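This briefing covers the salt bridges of one protein model. The sequence and structure come next, followed by the notes.

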Amino acid sequence: MNLISSYLSDDGKRQADIVRVGKRLLVNLYFGKKPDGSMILVEERDVSKHSVQYAEDCAENYTQYIF
């Protein structure tokens, strides 16, 4: 897994990571924290059929509470 970029909401409750796994492009969406402080993965979106710009827009929209 290769991390391309990471986004964090202003309140620190939402995080989105763009990762490449082989040929797949994924946006991992996190919300809240576990007792150990790590974020809780709530969804993994496969955006392989789209561009990196699309993945960045998805991550930014999630961390800005647009969806």
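A salt bridge is counted where a side-chain nitrogen of Lys or Arg lies within 4 Å of a carboxyl oxygen of Asp or Glu. The model is predicted, and by this rule it has three salt bridges.

**Arg24 and its partners**

- Arg24 pairs with Glu44 in a salt bridge whose closest N and O atoms are 3.9 Å apart.
- Strand β3 (residues 24–33) holds Arg24 and strand β4 (residues 39–46) holds Glu44, so this salt bridge ties together parts that are 20 residues apart in sequence.
- Arg24 also forms a salt bridge with Asp46, with 3.4 Å between the closest N and O atoms.
- Here the link again runs from Arg24 in strand β3 to strand β4, where Asp46 lies, so parts 22 residues apart in sequence are tied together.

**Arg45 and Glu43**

- A further salt bridge joins the side chains of Arg45 and Glu43, at 2.7 Å from N to O.

**Shared partners**

- Arg24, Glu44 and Asp46 form one network through salt bridges that share partners.

**Accessibility**

- Arg24 is partly exposed, at a relative accessible area of 37%.
- Its partner Glu44 is partly exposed at 45%, and Asp46 is partly exposed at 44%.
- Arg45 counts as partly exposed, with 29% relative accessibility, and Glu43 counts as partly exposed at 33%.

Terms used: Residues numbered from 1 in each chain as written. Predicted model: local features only at pLDDT ≥ 70, side-chain atom pairs only at ≥ 80, totals over all residues. Heavy atoms only, no water. Helix = DSSP H or I, 4+ residues; strand = E, 2+ residues; numbered from the N terminus. Buried < 20%, exposed > 50% of the residue type's maximum accessible area, 1.4 Å probe, protein only.
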